[in-house]
Amino acid sequence: MKFLFILPLLLILFAMAPAKKTTIVFFGDSITQAAVKPGGYIDLIQSSVNSKNLQSKYNLIGAGISGNKVYDLYLRMDDDVMAKKPNVVIIYIGINDVWHKATSHTGTDLDKYEKFYVAIIKKLQAKKIKVALCTPTVIGEKKNNANPQDVELNSYSDVIRKLATQYNCTLVDLHKTFSDYEQAHNTDDKESGVLTVDRVHLNDNGNKLVADEMMKGLSIQ
């Protein structure tokens, strides 16, 4: 008989227990490092979460470091990602892997980029962590593949699309989104100033576009 009284009490206590937050780690380079600042894309996502009273559902963590390439992410996974015990990791890397080939000859060849990326995905998925992949955005905002690194960026973006399918990851196709936006809004074919401040790092419009696309991909609503 005592059990009949205890069971409803346990059910009530279980129902009253706070739901566990979904921890999302944003893993990337300087674009992600800046994203936690006011107006950055992580800050905008947090503001949206707050406005919808979803603070109890999501814990957002920025893990971006300036200058990082894909192998830097792999090397710091344990401390900067796994230690946070995330439910979801969204990877946004590739700009420096391409850009630094021209600026400092320290970029990442496409085959090595893919191998390190696969290693990151596998390590996360082995811990049952959901993975979202972002194609790299832009190095220059001119339309119709007129920027010097556009052909390479297209190839690196194709790798991300392939891996998202192969490993059943969420795809946030920022490269296509930015290209479509430039086609529609960059009427003067500017090299920067539409979505970036310097051809690479995001301005307010760029941060909003990234925030909107990530929230769609992560189903934050």
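## Ground rules

Helices here are DSSP runs of at least four residues, numbered from the N terminus. That numbering is what puts a label like H8 on the stretches discussed below, and the model they come from is a predicted one.

## Helix H8: length and surroundings

Let's start with H8, which covers residues 150–166. With 17 residues at 1.5 Å a residue, the helix should span 24 Å, and its end C-alpha atoms are indeed 24 Å apart, so expectation and model agree. Just after H8, Asn168 takes a positive phi of about 55 degrees.

Which residues of H8 are buried? They are Asp150, Leu153, Tyr156, Ser157, Val159, Ile160, Leu163 and Ala164. The cover over these buried residues includes three helices, namely H6 (95–103), H7 (110–126) and H9 (174–185), along with strands S4 (130–134) and S5 (170–172).

## Salt bridges on and around H8

Side chains of opposite charge can pair when their charged atoms come close. Searching the whole structure turns up ten salt bridges, and H8 has a hand in some interesting ones. Asp158 and Arg161 join through their side chains, with 2.7 Å from N to O. The two sit three residues apart in H8, so about one helical turn separates them. An α-helix has 3.6 residues a turn, so residues three or four places apart point the same way. In terms of accessibility, Asp158 is partly exposed at 46%, and Arg161 is also partly exposed, at 24%.

Arg161 has another partner: Asp173, with the closest N and O atoms 2.8 Å apart. This pair links distant parts of the chain, since Arg161 is in helix H8 while Asp173 is in the loop between S5 and H9, twelve residues apart. Asp173 has a relative accessible area of 16%, which is under the 20% cut-off, so Asp173 counts as buried. Put together, Asp158, Arg161 and Asp173 make up a salt-bridge network.

## A bridge within H10

Helix H10 (residues 204–218) offers another case of pairing within a helix. What distance separates the closest N and O atoms of Lys216 and Glu213? The value is 3.2 Å, and the two residues form a salt bridge. Because they are three residues apart in H10, about one helical turn lies between them. Their surroundings contrast: Lys216 is exposed at 60% relative accessibility, whereas Glu213 is buried at 18%.

## Strand S1 and its neighbours

Over to the strands. S1 runs from residue 22 to residue 28, and six of its seven residues are buried, so the rest of the structure largely encloses it.

S1 has strand partners S2 and S3. Seven bridges connect S1 with S2 (residues 58–64), and those two run parallel; in that pairing, Gly28 stands opposite Gly64. Five bridges connect S1 with S3 (residues 88–92), again in parallel, and here Val25 stands opposite Val89.

## Tyr41 and the nonpolar core

The largest nonpolar core has 64 residues, and within it Tyr41 and Met214 touch the most other members. What does Tyr41 touch, leaving aside residues up to four places away in sequence? Its contacts are Phe26, Ile31, Thr32, Ala35, Tyr92, Leu202, Asn207, Val210, Ala211 and Met214. With a relative accessible area of 1%, Tyr41 is buried.

## Aromatic pairs

A pair of aromatic rings is described by the distance of the centres and the angle of the planes. The structure has six aromatic pairs. One of them joins Tyr41 and Tyr92 in a tilted arrangement, 6.1 Å centre to centre with 45 degrees between the planes. Tyr41 is in helix H3 (residues 41–51) and Tyr92 in strand S3, so this pair ties together parts 51 residues apart in sequence. Tyr92 is buried as well, at 2% relative accessibility. Phe26 comes in here too: ring pairs link Phe26, Tyr41 and Tyr92 into a cluster.

Back at H8, Tyr156 is buried, with a relative accessible area of 1%. Its partner Tyr113 counts as buried at 0% relative accessibility. Tyr113 lies in helix H7 and Tyr156 in helix H8, so their pair ties together parts that are 43 residues apart in sequence. The pair is tilted, with 4.8 Å centre to centre and 50 degrees between the planes.

Methods:
Residues are numbered from 1 along each chain as its sequence is written. This is a predicted model: local features need pLDDT of at least 70, side-chain atom pairs count only at pLDDT 80 or more; totals for chains, interfaces and linings use all residues. Side-chain values use heavy atoms; hydrogens and water are left out. The expected span of a helix is 1.5 Å times one less than its number of residues. Buried means under 20% relative accessible area, exposed over 50%, partly exposed in between (1.4 Å probe, protein chains only). Contact means heavy atoms within 4.5 Å. Two strands pair if DSSP finds at least two bridges between them. A nonpolar core is a set of buried Ala, Val, Leu, Ile, Met, Phe, Trp, Tyr and Cys residues joined through side-chain atoms within 4.5 Å. A salt bridge is a side-chain nitrogen of Lys or Arg within 4 Å of a carboxyl oxygen of Asp or Glu. Rings of Phe, Tyr and Trp (its six-membered ring) pair if their centres lie within 6.5 Å; planes under 30 degrees apart count as stacked, over 60 as edge-to-face and the rest as tilted.
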